[in-house]
Amino acid sequence: MGIVIAVISGKGGVGKTTTTANIGLGIAQNDKKCVVVDFDIGQRNLDMLLGLENRVVYDMVHVMDDGIGLKQALIKSKISDNLSFLAASQTKDKSVLDSEKISKLIDSLKKDFDFIILDAPAGIESGYEHTIEFADKALVVVNPEVSSIRDSDRAIGILDSKSKRVKEGQEVDKFLIINRINSKMVQNGEMLNSDDILDILSIPLIGKIPEDREIVDASNQGKPIILSQDSQAGQAYKRIALRVCGEKVDFVDVESHKESFLQKVKGIFS
Ligand SMILES: Nc1ncnc2c1ncn2[C@@H]1O[C@H](COP(=O)(O)OP(=O)(O)O)[C@@H](O)[C@H]1O
Ligand SMILES: [Mg+2]
């Protein structure tokens with residue numbers, strides 16, 4: 001049976017979809033069968049990050065309501081055979097989601113995949129509660145900003161009170177991803193450092209991702225940054241994907257990272 005992992009945050013725009021695409025691909029490249037599911041109803045963009053936007057014919061609402069089979073709706077990634085994708089509905093009506101139907105959908109996915117990664121809407125959105133309902137684990141994405149951390153604490157509160165596992169007396173294990181770290185700003189004391197963030201949220205860290213301009217280009221091209229061997233962010237995502245798979249991988253300190261000469265030169269000319 002597969003493990004269901006929700007990628008959550010308090011506010012939007014912190015990197016949940018980027019994280020879902022990269023970690024999903026990283027898990028698939030580590031020889032595990034993985035499906036990434038876009039739960040951001042009405043605002044889907046995980047398809048674009050995976051370069052699959054032109055392939056979407058059916059979405060999860062077709063599966064839940066119209067008798068379309070999962071085989072028809074799931075889209076295989078062009079990059080890895082182990083990675084599949086299920087699109088969110090484009091409807092603006094968020095009430096299309098219903099616990100019983102989602103439970104059935106997730107149960108079917110658990111039979112076929114080792115990992116089911118759910119890309120959540122922001123914690124304040126109505127679809128959020130449906131995304132966390134059947135999660136076994138959660139990856140909490142924050143940016144090193146007070147507002148992002150405060151809002152994520154609220155999203156964790158909802159997870160810890162409304163998910164099925166918690167209602168059954170179990171826990172949903174939560175792991176923190178700090179995204180968009182600017183090492184220069186941290187060193188200058190202009191950005192919260194990860195120790196401060198871990199103190200506030202007190203959930204274990206699973207990885208830190210540096211700010212990387214190339215992430216935006218990679219997303220626009222539908223080629224997740226994890227494919228780029230010389231990207232710090234891509235390598236950070238690779239390490240997180242391995243940790244999600246249960247492997248022990250040493251932490252690399254991206255906060256005290258000094259730019260190499262080549263990166264400096266690239267920075268000057270970009
Ligand atoms: N580490 C990063 N460095 C630079 N840009 C990033 C990074 N992570 C995410 N972004 C950019 O931030 C924006 C929001 O990311 P996204 O994954 O869509 O957030 P969310 O799903 O939480 O709303 C996107 O334009 C994305 O390319
Ligand atoms: Mg998103």
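How many bridges join strand 1 to strand 6, and in which direction do the two strands run? Select residues 3-8 (strand 1) and residues 137-142 (strand 6): 4 bridges join them, and the strands run parallel. Helices (H or I, at least four residues) and strands (E, at least two) are DSSP runs, numbered from the N terminus. Within this pair, Ala 6 stands opposite Ala 138 of strand 6.

The model is predicted: local features need pLDDT of at least 70, side-chain atom pairs count only at pLDDT 80 or more, and totals for chains, interfaces and linings use all residues. Residues are numbered from 1 along each chain as its sequence is written, while chains are lettered from A and ligands numbered from 1 in the order in which they are written.

**The sheet.** Extend the selection to the 8 strands of the open sheet, whose order is 3-4-2-5-1-6-7-8 with mixed pairing; two strands pair if DSSP finds at least two bridges between them. Strand 3 (75-76) and strand 8 (205-210) are at the edges with a single partner strand each, so one side of each has no neighbour in the sheet.

**Helices across the sheet.** Next select helix 1, which lies across strands 1, 2, 4, 5, 6 and 7 and runs at about 165 degrees to strand 5. Helix 5 (residues 99-112) lies across strands 1, 2 and 5, at about 140 degrees to strand 5. Axes are lines fitted to C-alpha atoms, for helices over the stretch in contact, and angles run from 0 to 180 degrees between N-to-C directions. Two residues are in contact if their C-beta atoms, placed from the backbone, lie within 7 Å.

**Helix 1 and helix 12.** Add residues 232-244 (helix 12) to residues 16-29 (helix 1): the axes come within 8 Å and cross at roughly 60 degrees. Asn 22, Ile 23, Gly 26 and Ile 27 of helix 1 meet Tyr 237, Lys 238, Ile 240, Ala 241 and Val 244 of helix 12. The residues of this contact comprise 6 nonpolar, 2 polar and 1 charged. In this classification, Ala, Val, Leu, Ile, Met, Phe, Trp, Tyr, Cys and Pro count as nonpolar, Asp, Glu, Lys and Arg as charged, and the others, Gly among them, as polar.

**Ligand 1.** Now centre on ligand 1, which 17 residues surround; the closest are Gly 15, Lys 16, Thr 17, Thr 18 and Ile 215. A residue is near the ligand if its C-beta atom, placed from the backbone, lies within 6 Å of it. Helix 1, strand 7 and helix 11 (214-220) are the elements that give two or more residues to this shell. By class, the shell holds 5 nonpolar, 8 polar and 4 charged residues.
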